[in-house]
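Reader: Could you walk me through this model, one question at a time? I would like to look at the helices, the strands and the cores.

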Amino acid sequence: MKEGLSLVQRLSAHPDSRCWFVSWSPNGTLLASCGGDKTIRIWSQEGDSWICKSILEDGHQRTVRKVAWSPCGNYLASASFDATTCIWKKTNDGFENLTVLEGHENEVKCVAWAPSGNLLATCSRDKSVWVWEVDEEDEYECVTVVNSHTQDVKHVVWHPTQELLASASYDNNICIYKEDDDDWECRATLEGHTSTVWSLSFDGTGKKLASCSDDRTVKIWKDFSPEDGQGDLSWKCVCTLSGYHGRTIYDVSWCHLTGALATACGDDAVRVFKEDETADPEQPVFSLAAQVAKAHDQDVNCVTWNPKEAGLLASCSDNGEIAIWRFQEEN
Amino acid sequence: MEVVSNLVSFTLSKVFQLSGLDQNCNVLKTKRMEEKALEVYDVIRSIRDPEKPNTLEELEVVTEKCVEVQELGDEEYLIIIRFSPTVPHCSLATLIGLCLQVKLQRCLPFKHKLEIYISEGTHSTEEDINKQINDKERVAAAMENPNLREIVEQCVTEPDD
């Protein structure tokens, strides 16, 4: 079987506006999308087709930039340009607005749920990263505000197994945070990109981190931190993928099932990279396994691997569309 | 010998023909890029300056030469605009950049990617402004700010719209 990306379905998800982000539920059966029309849409499969099951409206006054599922799959968090983060709870026939988290001074660019389910992180153009704690009564409280970036923070992502947080910024840097005595602090600053870092993705083990940037490269960073966990962390760039992307790379997604790396680019393409098995793990080598040059007819903003079904990939675009792809590996 | 020289002159004439064709192709291509550049200029020339009662063309903030068009592929073009703000004031330069983004996004009939820059040497914080103008997330968020949107709308709306 030939290696490649084939289209499963195209959805006109957010008509007349941008679709900014898509996210699979933890069990892989639902897809949440959000966009410039201020709504969140939930998609599920009925037979062979993906259809819209719910529309979450009236939660935000401006663009919804990102959505994130809680690890248990019962909650959805949404980050908006209206400076708030909404928490939605799944009900029998949809979602209800549980609470609104306020505090950021301007647009919230990202929200992410820690694997433990007890912590939430948000980041904003106000240059800060906020860490929130959730208790058993569904009460949210901000526990730390960290100001390690000097500009707009575009993305936050949690480590898959440790309580470690990473953020990407317009200041071209990546910060890694750890908790010390209830306070979150930046323990490593990863420099190297020459323009805005738009997104981050940890591999399944959490030992490697992929970043993508306006500088049209993807960088792979490896954890060289001392085993004792004391003091500062140490992450080094072990690989840079350049020459493949024609414009800004808006998103990168590392598949925890197969190790494949997918990218979403402003040149309208979706690309999949695979790590060469023969290369030295200290100096990984990635090669282009598949690409769809015109995955959408406008910028691709997001790309995300299904957490349960290997090879299933979702992407979304400035033209309001979502596309679902199947990445077939060579047999 | 004659066979060889015939073959040589035959080959040579083919080479001349082909390079002639090539030259024609390049001339056509340049002409097409110039036409596209004019189409783009026609859209931006009438944008009004945020402060003064003049168009960007009248104030020479944009000129025909400030538009560059490159072919990206199938009927898709890369447009690069280098504009010269009249005053060194940071926020006004960013505002003009925003107006250029918005008007072109709305009015250009052909598929394109856009890059907008302050022409070199006209501003002290060029790099900062260029980065902001070309960050589509920042542009989108700015346009959701009602006050900013109002100003931009006034600058980009044609009198007969």
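Author: Happily; a few notes come first, and then your questions. This is a predicted model, in which local features need pLDDT of at least 70 and side-chain atom pairs count only at pLDDT 80 or more, while totals for chains, interfaces and linings use all residues. Residues are numbered from 1 along each chain as its sequence is written, chains are lettered from A and ligands numbered from 1 in the order in which they are written, and side-chain values use heavy atoms, with hydrogens and water left out.

Reader: Which element do the buried residues of α5(B) pack against?

Author: Helices (H or I, at least four residues) and strands (E, at least two) are DSSP runs, numbered from the N terminus. In α5(B), residues 146-156, the buried residues are Val152(B), Cys155(B) and Val156(B); buried means under 20% relative accessible area, exposed over 50%, and partly exposed in between, with a 1.4 Å probe and protein chains only. They cover an arc of only 85 degrees around the axis (taken from the directions from the helix axis to the C-beta atoms), which puts them on the same side of α5(B), while Asn147(B) and Gln154(B) are exposed on the other side. Counting contact as heavy atoms within 4.5 Å, the buried residues pack against α2(B), residues 90-107.

Reader: And α3(B): within what arc do its buried residues fall?

Author: The buried residues of this helix, 126-133, are Glu126(B), Ile129(B), Asn130(B) and Ile133(B). They pack against β2, α2, β3 and α4 of chain B. Seen down the axis of α3(B), they line one face of the helix, because they fall within an arc of 100 degrees.

Reader: Which strands stand at the edges of the open sheet in chain A?

Author: Two strands pair if DSSP finds at least two bridges between them. The sheet has four strands in the order β6-β7-β8-β9, with antiparallel pairing. Each edge strand has a single partner, so one side of each is left without a neighbour in the sheet; these are β6(A) and β9(A).

Reader: Which residue stands opposite Lys89(A)?

Author: Strand β8(A), residues 85-91, pairs with β9(A) in the antiparallel sense over seven bridges. Opposite Lys89(A), in β9(A), stands Glu96(A).

Reader: Over in chain B, which residue in the turn between β1(B) and β2(B) has a positive phi?

Author: These two strands pair in the antiparallel sense over six bridges, and Gly73(B) has Glu76(B) as its bridge partner in β2(B). They form a hairpin with two residues between them, and the residue with a positive phi, about 60 degrees, is Glu75(B).

Reader: Which helix gives the largest share of the largest nonpolar core?

Author: A nonpolar core is a set of buried Ala, Val, Leu, Ile, Met, Phe, Trp, Tyr and Cys residues joined through side-chain atoms within 4.5 Å. The largest one has 39 residues, and Val67(B) and Ile79(B) are among those that touch the most other members. Elements giving two or more residues to this core include α1, β1, β2 and α5 of chain B. The largest share, nine residues, comes from α2(B).

Reader: Lastly, which residue's backbone oxygen does the side chain of Thr30(B) reach?

Author: Thr30(B) lies in helix α1 of chain B and is partly exposed, with a relative accessible area of 43%. At 2.8 Å, its side chain reaches the backbone oxygen of Asn26(B).

Notes
A polar contact is a pair of N or O atoms within 3.5 Å; within protein, one must be able to donate a hydrogen and the other to accept it, and residues adjacent in sequence count only if both atoms are side-chain atoms.
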